Amino acid sequence: MSLPNCPKCNSEYTYEDGLMFVCPECAHEWPQQGEESAEPQEKQIRDANGNVLEDGDSITVIKDLKVKGSSLVVKVGTKVKNIRLVDGDHDIDCKIPGIGAMKLKSEFVKKN
């Protein structure tokens, strides 16, 4: 049986201690069950088609979106460059040509 390398220092000399793996070099301990979940997973933000979005991507709006507090509408097919991903309900921060800075939900965009 091959034991996994230490997720902290990448040492190959790990050993089992009960229900835990232990690294003798850095003394890091992690559970055997769900060892993948012991490493911090970054939240992936996906567009309407399931593509993973990243900072700096270009997107296209796939639905008419009313701008709250004004009579402006972001039309279908509006292209937005250089997005920034943020935490929260509206997970995309961007500048839309002709409208200005806005936050969008990823479910209403597709990656170019």
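A residue is counted as buried when its relative accessible area is under 20%. In this predicted model, Cys23 falls in that class, because its relative accessibility is 1%. Cys26 is partly exposed, at 28%.

The cysteines were examined for disulfides. A disulfide is a covalent bond between the sulfur atoms of two cysteines. The cut-off for the sulfur pair is 2.5 Å. The cysteine sulfur closest to that of Cys23 belongs to Cys9 and lies 3.6 Å away, so the two are too far apart for a bond. Cys26 is likewise in no disulfide. The nearest cysteine sulfur to Cys26 is that of Cys6, at 3.7 Å. The disulfide count for the model is zero.

Charged side chains were considered next. Side chains of opposite charge can pair when their charged atoms come close. Three salt bridges were found in the whole structure.

One of these salt bridges joins the side chains of Asp57 and Lys111, with an N to O distance of 3.5 Å. Asp57 sits in the loop between α1 (35–38) and β4 (59–61). Lys111 belongs to strand β11, residues 109–111. The two parts are 54 residues apart in sequence, so the pair ties together separate stretches of the chain. Asp57 is buried, with a relative accessible area of 14%. Lys111 is partly exposed, at 30%.

Lys105 and Asp89 form another salt bridge through their side chains, again described by an N to O distance of 3.5 Å. This pair also links distant parts of the chain, 16 residues apart. Lys105 lies in the loop between β10 (100–104) and β11. Asp89 lies in the loop between β8 (84–85) and β9 (92–96). At 24% relative accessibility, Lys105 is partly exposed. Asp89 is exposed, with a relative accessible area of 56%.

A salt bridge also connects Arg84 and Asp93. The closest N and O atoms of this pair are 2.3 Å apart. Arg84 is partly exposed, with a relative accessible area of 47%. Its partner Asp93 is buried, at 16%.

Burial can be read across the acidic partners. Asp57 and Asp93 are buried, whereas Asp89 is exposed. Among the basic partners, Lys111, Arg84 and Lys105 are partly exposed.

Key: Residues are numbered from 1 along each chain as its sequence is written. This is a predicted model: local features need pLDDT of at least 70, side-chain atom pairs count only at pLDDT 80 or more; totals for chains, interfaces and linings use all residues. Side-chain values use heavy atoms; hydrogens and water are left out. Buried means under 20% relative accessible area, exposed over 50%, partly exposed in between (1.4 Å probe, protein chains only). A salt bridge is a side-chain nitrogen of Lys or Arg within 4 Å of a carboxyl oxygen of Asp or Glu. Helices (H or I, at least four residues) and strands (E, at least two) are DSSP runs, numbered from the N terminus.
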